[in-house]
Amino acid sequence: MLGDALRSHRRALNLSQEELADRAGVSVRNLRAIEVGQVRTPRQQTVRLLADALDLTAAQRTRFYALSLTPEATGASPASPEGPRTPSLRPVPAQLPADLDLVGRDDSIAGLDRLLAGGRTRATTTVALVGPAGIGKTSLAVHWAHRVRERFPDGQLFVDLRGFDPRQPPLAPGLASAAFLDALGVPAPSMPADEIGRTGLLRSLLVDRRMLFVLDNAHDSEQARSLLLGGADCLVLVTSRDRLVGLVAGSSAHSVELGPLTPEASRQLLSGRTGTPRTAADAAAIDMITGACGGLPLALTVTAARITSRPSMPLQAVARELTTARNRLDGLSSRDRATDLRSCLDGSYQALSKPAARLFRLLGLHPGPATAVAAASLAGVPVDRVHPLLTELHQSSLLTEQGDARYEQHDLIAAYAAELARRDEPFRRAGLRRLCDHYLHTAASGARLLEPRREQPSMSTPAAGTAVSALGSAEDARNWFLAHHATLLAMVRLAGASGLTTVAWQLAWVLTAFLSRGGHWAAQVAVHRVALRAATADGDLLGMSYAYRGLSRAYLRLGRPDAAEAALLRALRLAARLGDQNGRARAHHGLSVAAEKRNDLRAALDRSRRSAAIFRAVGNTSARAEVLNGAGWLNLKAGHVPRAMRQIRTALVLLRRFGERHGEASAWDSLGCVYAELGHREAADHCFRRALTLFVDLGDRYFQAEALVHRGDNRWVTGDRTAARRHWQRAVGILTDLRHPEAEQVRHRLARATAERPALSLAAGPVVSPGGGRRLRRRGHPLVPRHRHGDGRGRQFSQAVWPRATSRPEE
């Protein structure tokens, strides 16, 4: 009883009733009445004065306040003449909002079930459900709370902490605890006036209760931590857009992060809200709608409401609203701020610091996951200063951090950020220019590592504040291109659409080596078409020339010599107008390759001679060596074997001298074909192996397949048919993966090999022409590849003739 506790504390201080009454400022009569039990529920002001006078600790004060409440509030009945006190019925609050059908969260629910079944500790079990606005945190929390509420018979309490409401500040913890005390039956006059007292009283009342708390929309860990109430039999569910790292680290909370719904779950949610017959009638439109909503439950729910409220509107029209509008969020707007996605995101945005908010707006311009270096370029700040900003955005669930140290915004969050950026056009364009310069100059350095002697157009100095990623080797360059492949393609389109025409065609050009070697020829055509449109619109003849050459290189790999020739003739004319001699020579060399693919060897040799003459005149010896290798290949096809041998060997020496490894690989492959034509099978196999090793090292998949085909043809003639099939099978796998039409030709080889037909190759050895020379059979010869670019490098055949290279620089 309160009287007993008052007497005990007073005597511990060796105070008389008069002395304590004087110290507390209360009447002696009132104090005596409390001690003897005549006043069981004194005014809270009196209790506070006595607690202060007794100098109680926080724990003592909490117990003292609890004893000052009515017996009904503390769960006990007063003594009666018939016997001792007996427990009375305590209030059992049931504050959970109405349950909703939940779609696509089975895994999360199962994880929560496992947490609940995992046993109890002495601490309250706390679960943090975190994720961006509109991801369905509250829906999951409420649904699961209803699912397990029978496990908490003393009640379920719910409070909206208003953590991200742009119209009002977050709810003070003291107000939340007052609401809980009220739900537990504590009358207003009996509630402590201060936050500490209310929290302490709550903890005292919950010591032996099994209750479930849902703290919805917490602003941060600090706001939630003060409301982690109850004992071992209580459960607290906290939802927040903040990742609540402090709560997880400091209070052992279990974190459950919610992500977007899968496409199938999105369709299921939309069908459930709009009616299956309507959605089933236009599956294509539903796929467009769910794709535009990005798996965000709030977006899907708002869209479903729009569909049901406009029954005569075709679903295709709804899909167009969501996918073609410049402001995508207009199609997801609602008069109810609680369901308006833009309003929900406003709350998260306004909670950011000014530097983080600035970066957030700019990240909406980035087409895909961004590294810290790209983000620093967007913001125009050093990389070490951008890391805390990225951490803040990630902590606020406005960014998702991927495993490869890149950050990505949800599509709808990115659309919201882009809207904000468009409100300040100079700010937006400056950030976009820095971003384009980051990718252009980093890609240019990577292209130089892949093709060190391939000419590049002169580029302007990056805009102030641009950060360029450091690439130290060709392997670094390949890995960077692979990691940023999709983003780089999107950046070409973005630059072209934003009027940054020079960036568009230059970025397309520096991507050429990577795209060509990796077999991304369709993408290579696409970006160079964008580049050509941009350069043409700007009247940039040099950009047009480079774009046509980039197109031709892709067309040649795709087996479209006519399209390649048309592009090269335009590039040739433009190079002549510009006085670009290297451009003229490259165009002639490309026309030689196109003519060879049409089996016009005379025209191919003529173009090759023109190319070599121009390169000789301008002193570009390494490029002339590439052309010389191509000429040797053409002479081999024409039956001029001794001349082919001389040209290819000379090219090989020069290419190795200049460190042109791709050209070296190509020359080794050509030399292997010469030896095969001469009947020197082991020498040929040695050359093919050297070529294959280099092509694998350089990442050129198409030429890997070509070298494998040649090696398989050669092994078949030697009688090693198992090895031949193995090489052809590897080649088929690569060509099939590249979707190259030549895969069918190699499958035909394998089919014939399975039938054990020796006529597959030159079983009789080289064919002697009437003039005494050796020539290749023109038709059906398995050792004649489709073309020879002459743009690679190979290795030596004999150590005695070809000394080993001392270094292996990249092309």
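Ala447, Glu451, Arg454, Glu455, Gln456, Trp509, Val510, Thr512, Ala513 and Arg553 line the second largest cavity (lining residues have an atom within 4 Å of a point on a 1 Å grid where a 1.4 Å probe fits but cannot get out). This is a predicted model, in which local features need pLDDT of at least 70 and side-chain atom pairs count only at pLDDT 80 or more, while totals for chains, interfaces and linings use all residues. Residues are numbered from 1 along each chain as its sequence is written, and side-chain values use heavy atoms, with hydrogens and water left out.

**Cavities**
- The elements that give two or more residues to this lining are α26 (501-510) and α27 (512-518).
- The lining of the second largest cavity divides into four nonpolar, two polar and four charged residues.
- The volume of the second largest cavity is about 80 Å³, and a search of the whole structure finds four cavities of 30 Å³ or more.

**Packing of α18 and α22**
- Helix α18 (residues 341-350) packs against helix α22 (residues 411-422) at an angle of about 75°, with the axes 11 Å apart.
- That angle makes α18 roughly perpendicular to α22 (65 to 115 degrees).
- The contact (heavy atoms within 4.5 Å) is made by Leu341, Arg342, Leu345, Asp346 and Tyr349 of α18 and by Leu412, Ile413, Tyr416, Glu419 and Leu420 of α22.

**Ser611**
- Ser611 lies in helix α32 (residues 601-618) and is buried (under 20% relative accessible area, 1.4 Å probe, protein chains only), with a relative accessible area of 0%.
- Leaving aside neighbours within four places in sequence, Ser611 is in contact with Ala585, His588, His589 and Val627.

Methods: Axes are lines fitted to C-alpha atoms, for helices over the stretch in contact, and angles run from 0 to 180 degrees between N-to-C directions. Helices (H or I, at least four residues) and strands (E, at least two) are DSSP runs, numbered from the N terminus. Angles under 35 degrees count as roughly parallel, over 145 as roughly antiparallel, 65 to 115 as roughly perpendicular and the rest as oblique. On a 1 Å grid over the protein atoms alone, a cavity is a set of points where a 1.4 Å probe fits but cannot get out, and a pocket is an open set with protein on both sides within 12 Å along at least five of seven lines; lining residues have an atom within 4 Å of a point. Grid points are joined across faces, edges and corners, and a volume is the space filled by probe spheres set on the points. Ala, Val, Leu, Ile, Met, Phe, Trp, Tyr, Cys and Pro count as nonpolar, Asp, Glu, Lys and Arg as charged, and the others, Gly among them, as polar. Buried means under 20% relative accessible area, exposed over 50%, partly exposed in between (1.4 Å probe, protein chains only).
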